[in-house]
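Here is a brief report on one protein model. Look over the sequence and the structure first, then read on.

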Amino acid sequence: MAKNISFHATWSEAYRMAQSLRNSKLRYSVRQTPGKSNLAFFFPEVSISQYVYLCILFGTHRSGI
């Protein structure tokens, strides 16, 4: 399992991301990136298959492990 995965999305993308994540039942939190117009979605623990799903959902907007 991977820990502390985060992805960034703009405010306009965030609603769509949240809708998709609500259906997936993944645990996550959302925070606004200081001084920027982006939101960061944080995932405490994800399996490999969940990580692949998140990469497909968010594309290349990953910020780190």
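## Phe 58 and its contacts

Start with one aromatic residue. Beyond its neighbours within four places in sequence, Phe 58 is in contact with Phe 7, His 8, Ala 9, Met 17, Leu 21, Phe 41 and Phe 43. The model is predicted.

Phe 58 also has a place in the core. Along with Leu 21, Phe 41, Phe 43 and Leu 54, Phe 58 is among the residues with the most contacts inside the largest nonpolar core.

## Overall fold

The protein has two helices and four strands. Read from the N terminus, the order of elements is β-α-β-β-α-β.

How much of the protein is buried? Of its 65 residues, 28% are buried. Contacts between residues at least 6 apart in sequence include many that span further: 66% of them join residues at least 24 apart.

## The nonpolar core

The largest nonpolar core holds 14 residues. Four elements give two or more residues each to this core: β1 (2–10), α1, β3 (38–46) and α2. Which of them gives the largest share? Strand β3 does, with four residues.

## The helix pair

Helix α1 covers residues 11–24, and helix α2 covers residues 48–58. Their axes come within 11 Å. They cross at roughly 160 degrees. That angle is over 145 degrees, so α1 and α2 are roughly antiparallel to each other. The crossing is right-handed.

Which residues make the contact? From α1 come Arg 16, Met 17, Ser 20, Leu 21 and Ser 24. From α2 come Tyr 53, Leu 54, Leu 57 and Phe 58. By class, this contact has six nonpolar residues, two polar residues and one charged residue. Two members of this contact, Leu 21 and Met 17, are also on the list of residues that Phe 58 touches.

## The loop between α1 and β2

Two residues stand out for comment here. Lys 25 lies in the loop between α1 and β2 (29–32). Its phi is positive, about 65 degrees, although Lys 25 is not a glycine. Most residues other than glycine have a negative phi. Is Lys 25 buried or exposed? Lys 25 has 74% relative accessibility, which is over 50%, so Lys 25 counts as exposed.

Tyr 28 is in the loop between α1 and β2 too. Its relative accessible area is 30%, so Tyr 28 is partly exposed. Not counting residues up to four places away in sequence, Tyr 28 touches Ala 18, Leu 21, Phe 41, Phe 42, Phe 43 and Pro 44. Among these, Leu 21, Phe 41 and Phe 43 are also contacts of Phe 58. Tyr 28 and Val 46 are 18 residues apart in sequence. Their C-alpha atoms lie 10.0 Å apart.

## Thr 10 in strand β1

Thr 10 lies in strand β1. With a relative accessible area of 29%, Thr 10 is partly exposed. What does Thr 10 contact, leaving aside its neighbours within four places in sequence? Its partners are Ser 37 and Asn 38.

Thr 10 and Thr 33 are 23 residues apart in sequence. In space, they are 10.0 Å apart, C-alpha to C-alpha.

Conventions. Residues numbered from 1 in each chain as written. Predicted model: local features only at pLDDT ≥ 70, side-chain atom pairs only at ≥ 80, totals over all residues. Heavy atoms only, no water. Axes fitted to C-alpha atoms, helices over the stretch in contact; angles between N-to-C directions. Parallel < 35°, antiparallel > 145°, perpendicular 65-115°, else oblique. Left-handed = near helix turned anticlockwise from the far one by under 90°. Contact = heavy atoms within 4.5 Å. Nonpolar A, V, L, I, M, F, W, Y, C, P; charged D, E, K, R; others polar. Core = buried A, V, L, I, M, F, W, Y, C linked by side-chain atoms within 4.5 Å. Buried < 20%, exposed > 50% of the residue type's maximum accessible area, 1.4 Å probe, protein only.
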